[in-house]
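Welcome! Take a moment to look over the sequence and turn the model around before reading on.

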Amino acid sequence: MEACVLFYRSKNGDTVDRIVWAHYGRQPAALIDAVLKANPGLAGQGALLPAGLRIALPEFAEDPDTASVRLWD
């Protein structure tokens, strides 16, 4: 079974780390690396991304050792 990949269309001024935070709800380096690997050339776009880039957001399994806990559920 292939992993599910969602796509995001960048807005002017987006950053990879903000996109990762918005999509995954967390921002470890492993997630940012996975997004950069799934999108060859994305790192070369600079810190602030131009509008209109199609960015693949790969499925990323939650690591049980680093899973977050919500105190007020």
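The paragraphs below go from the overall layout to the helices and then to a few single residues.

A word first about what you are looking at: this is a predicted model. The protein has 73 residues, and its secondary structure comes to 2 helices and 2 strands. If you walk along the sequence, these elements follow the pattern β-α-α-β. Buried residues make up 26% of the protein. To get a feeling for how the chain folds back on itself, consider the contacts with a separation of 6 or more: residues 24 or more positions apart account for 60% of them.

Now find the two helices. Helix α1 covers residues 16-24, and helix α2 covers residues 29-38. How are they placed against each other? They pack at an angle of about 110°, with their axes 10 Å apart. An angle of 65 to 115 degrees counts as roughly perpendicular, and α1 and α2 are therefore roughly perpendicular to each other. On the α1 side, the contact is made by Val16, Asp17, Val20 and Tyr24; on the α2 side, by Leu31, Ile32, Val35 and Leu36. Sorted by character, the residues of this contact divide into 7 nonpolar, no polar and 1 charged.

Stay with helix α1 for a moment and look for His23, which lies in it. Is His23 buried, exposed or something in between? With a relative accessible area of 32%, His23 is partly exposed, because values from 20% to 50% fall between buried and exposed. Leaving aside its neighbours within four places in sequence, His23 is in contact with Leu6 and Leu57. Leu57 is 34 residues away from His23 along the chain, and their C-alpha atoms are separated by 8.0 Å.

Next, move on to the loop between α2 and β2, where you will find Asn39. This residue has a relative accessible area of 8%. Buried means under 20%, so Asn39 is buried. Not counting residues up to four places away in sequence, Asn39 touches Arg54, Ile55 and Ala56. Leu57 comes up again here: the C-alpha atoms of Asn39 and Leu57 are separated by 8.7 Å, with their positions 18 residues apart along the chain.

The loop between α2 and β2 also holds Ala51, and β2 itself spans residues 54-58. Is Ala51 buried or exposed? Its relative accessible area is 52%, and since exposed means over 50%, Ala51 is exposed. Which residues does Ala51 meet, leaving aside its neighbours within four places in sequence? They are Ser10, Lys11 and Asn12. Ala51 and Asn12 are 39 residues apart in sequence, and 4.1 Å apart in space from C-alpha to C-alpha.

Finally, turn to the aromatic rings. How many aromatic pairs does the structure hold? The number is 0. The ring of Phe7 does have a charged partner, though: the charged end of Arg54 sits over this ring, 3.6 Å from its centre. You have met Arg54 already, as one of the residues that Asn39 touches.

Terms used
Residues numbered from 1 in each chain as written. Predicted model: local features only at pLDDT ≥ 70, side-chain atom pairs only at ≥ 80, totals over all residues. Heavy atoms only, no water. Phe/Tyr/Trp six-rings, centres within 6.5 Å; stacked < 30°, edge-to-face > 60°. Lys NZ or Arg CZ within 6 Å of the ring centre and 35° of its normal. Axes fitted to C-alpha atoms, helices over the stretch in contact; angles between N-to-C directions. Helix = DSSP H or I, 4+ residues; strand = E, 2+ residues; numbered from the N terminus. Parallel < 35°, antiparallel > 145°, perpendicular 65-115°, else oblique. Contact = heavy atoms within 4.5 Å. Nonpolar A, V, L, I, M, F, W, Y, C, P; charged D, E, K, R; others polar. Buried < 20%, exposed > 50% of the residue type's maximum accessible area, 1.4 Å probe, protein only.
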